[in-house]
Amino acid sequence: ESGGSTRASVKGDLLDSVDSAVPGAPQVINLLKENGKKVFFVTNNSTKTRKMYVDKLSVLGFNAKEDEVFGTAYCSAMYLKTVCKLEGKVYLIGSNAMREEMEAVGLQQTGVGPDHVLGKQTDWANVPLDPEVKAVVVGFDEHFSYMKLNRAMQYLTQPGCLFVGTNRDTRLPLEGGKAVPGTGCLLQAVETAAQRQAQTVGKPNHFMFDCVASQFGVDPDRCLMVGDRLDTDIMLGSNCGLKTLLTLTGVSTVADAEAHQKSGCAERQGMVPDYYVESIAELLPALQG
Amino acid sequence: MAGAFKGCQKIRGPQIRNLLDAKDFILLDCDGVIWHGEKAITGAAKVVNSLIRHGKNVVFVTNNCTRPRENYVHKFCRLGFTDVILEQIFSSSYCSALYLRDVVKIRGQVFVMGCDGLRRELDEAGIPCVEEADDPDATIYDCALAPDVKAVLVGHDDKMTFLKLAKASCYLRDPDCLFLATDNDPWHPLSSGRILPGSGSLIAALEVSSGRKATVIGKPSRFMFECISSQFSGVDPAQCLMIGDRLETDMLFGSNCGLDTMLTLTGVSQIEKAQEYRNSELTTNHSLVPDYVVDTIADFLPAFEELGEPSN
C-alpha cells in the first residue's frame, strides 16, 4: 500500500542476537522506506542513546536516522520533560546513555556510576540527599547496588518525589546460557523498599507511541506494530489501536498467543496479534514484487 | 481465639496478670519491642527479667539476620537484659542454618546474599557456602559460576551488587536449587525513625528475574516456631503469647502458629492500621489483627508489682 507508516521493534525482531541482524531484516526495512513507508524503531532497552542505536543499526546494514529511533533512554527524558514537566534534578539509577538523553533535554541528574556502601547503617539512613532532586528514575544499571537502592528509597520517602521506570522486562537475552536480570528486577527492588509503584514509560505503556505520533503526525489506523514479545510489543499495539504483527524470531511463540486467545480473559486479548510471520524476512517478496 | 472476631483489645495491669497466668511461653520480637537500636525501651529489661524470674519461658524471635546469636547475647547484656542466654534467641539467620542442616539436609553449596552474621551462623552449622570472589572487574558475562550450588539464600545484604543478583539468577535456573529467604521485610526501621531497604526488596528482584517464589524462613512463616518447639521438646500453642510491633510479620506469625498475639505500639505498626485490618472485608487481613494491644512493654510492670518479686 502506498503511504502510511510502519513501526518496527528492535530486539529479537530485527536482531537475532546482540550483534547480528535477522537475515533479510535490513533489506525489509530499507525496502519499506524506499516504498514510502515511515519506519520507526521502538525499543525498551535503555542502555543506548538514539545516536548509539543509529550507529549500531547502520553497522548492521539498516538505513536508519536518529529521529526514527525511540528507546527508553530518550523516551524517559521526554516523559519527564513534556508530561511531568519536571523542574529539578533526577536521582538516576541507569546508564550513561540515560544521563546523556536527560542532559540533552536540559535535565540534570545525580547517581550514575558505581556507588559502594561505606560506613555504618546509621550513615546509610542519613545519607545526604540533594534537595534539588524531585524524581527517581530507574533503568538498566549494571552498577546497581544496595547503596543505590537505599538512596532511591530515601528520596522516594519525600513528599512530591516522582517515580519513573523505563520498563519491566524481567531478563535480558541470554548470553551463553546465563541469565541477566532485567530492569524489571531493579525496579521491583526499589518499589518494594519504597512501598510505591513507579510509572513506567516503555512498552506496553502507550507513551512511546504518543512520542512517535506527536513528532510525526501518525494515523493509528495506518500503522502496523511489528514485534516479538506479546506482553510488550503486541500489547502496545493493542493499547494504541494499531494493527499488530508477531515475528517468531524472538521471545514469544504461536502457542503463547493461542493461550492468550483461548483464555477468555479480556485483558489478555490485547496480547493476541492480528498477524504473525516466522521472520520479518517473509515480508520481502511482497516488497520486491 | 475462635468465635466472634474482636481483636485489638487494649489491656492493662490486672488483665495482663490474668493473661500471664495462662501462658507459659512468651515470644518476644526485639526491634521496636524491647529496644530501638542500641537503646532499651524504658522498663523493658525489668519486664523481661521479671518474666524469667516468674518462671515463664521467654524466647526472642527476630527477623534480623545481621548478627550471629553470640553477638545478640552481648547486646542483651549491654542493654540490661542480664538473664538472657543463647538458647533463648531465635534469629532468622540461625533458623535458616537449621533449615538447611536439618530439614533440607543440604548436600552441595549454598550461594548466600547476606551479611557476615548470616554466614557465621551457616558456618557454625557446618553449611558449605560459596566463597565470594573478589575480582572487582568481573561481570556476569565472564565470571565463573560455582558448581553444585543447591540453594540460594537471600537476606539483608548491604553489599548487594548487580553481579550478585545475576549470579543468584543463574543458580536459580536449576529447579533443584532451592530459593530461600531469611525474611521478607521490605524495609527496616532504625532508631532514628529513618528506614533502610530490607531483605524483601532483594527477594522481590530475584523473584522477578527467576520467575520463582522464595521460601521464607522468618516471620510470618511458621518455621521459627517449629525451631522453638523442637528445642523445648514440644510447645503447646495455647500456652504461648507472641508480642511484637509489626502486624505483617509478628501478628501474622502468631496467627499462623495458633498463638495469642499482642501488639506493642513502640515500633513499626500503628493502632489505626490494626483497626483497618480488623474492619477489612478481606478475611485474610483478620490474621494480622492482634488479640491484645499495649502502648509499651513497660505496661507489664504493674502486673508484676502486684505479685511482688518472687523469692529466688
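Is Lys164(B) buried or exposed? Lys164(B) is buried, with a relative accessible area of 10%; buried here stands for anything under 20%. Please keep in mind as we walk through that this is a predicted model.

Let's stay with that lysine for a moment. Lys164(B) makes a salt bridge to Asp157(B), with 2.8 Å between the closest N and O atoms. Its partner Asp157(B) also counts as buried, because its relative accessibility is 2%. Turning to chain A, salt bridges with shared partners connect Lys33(A), Lys65(A) and Glu68(A) into one network. Over all chains, a search of the whole structure finds 25 salt bridges.

Another of these pairs is found in chain A, where Lys148(A) and Asp141(A) form a salt bridge whose closest N and O atoms are 2.6 Å apart. Lys148(A) has 0% relative accessibility and therefore counts as buried. Asp141(A) is buried too, at a relative accessible area of 2%.

Next, have a look at Glu191(A) and Arg168(A), whose side chains meet in a salt bridge of 2.8 Å, N to O. Glu191(A) belongs to helix 7 (residues 183–194) of chain A, while Arg168(A) lies in the loop between strand 9 (162–165) and strand 10 (171–175) of that chain, so the bridge ties together parts 23 residues apart in sequence. The two ends have their own settings: Glu191(A) counts as buried at 3% relative accessibility, whereas Arg168(A) is partly exposed, with a relative accessible area of 32%.

Now for the rings. The count of aromatic pairs comes to 16 over all chains. In one of them, Trp124(A) and Tyr146(A) have ring centres 5.8 Å apart; the pair is edge-to-face because the planes stand at 65 degrees, and the cut-off for that label is over 60. This pair links distant parts of the chain, 22 residues apart: Trp124(A) is in helix 5 (residues 121–125) and Tyr146(A) in helix 6 (residues 146–156) of chain A. Both Trp124(A) and Tyr146(A) are buried.

Chain B has an edge-to-face pair as well: the ring centres of Phe76(B) and Phe81(B) are 5.7 Å apart, with the planes at 85 degrees. Phe76(B) counts as buried at 0% relative accessibility, and Phe81(B) counts as buried at 1%. These two phenylalanines form one aromatic cluster with Trp35(B), Phe60(B) and Tyr72(B).

Trp35(B) brings us to the charges placed over rings. Lys75(B) lies over the face of Trp35(B), 4.2 Å from the ring centre. Elsewhere in chain B, the charged end of Lys273(B) sits over the ring of Tyr277(B), at 5.1 Å from its centre.

Methods:
Residues numbered from 1 in each chain as written. Chains lettered and ligands numbered in written order. Predicted model: local features only at pLDDT ≥ 70, side-chain atom pairs only at ≥ 80, totals over all residues. Heavy atoms only, no water. Salt bridge = Lys/Arg side-chain N within 4 Å of Asp/Glu carboxyl O. Buried < 20%, exposed > 50% of the residue type's maximum accessible area, 1.4 Å probe, protein only. Helix = DSSP H or I, 4+ residues; strand = E, 2+ residues; numbered from the N terminus. Phe/Tyr/Trp six-rings, centres within 6.5 Å; stacked < 30°, edge-to-face > 60°. Lys NZ or Arg CZ within 6 Å of the ring centre and 35° of its normal.
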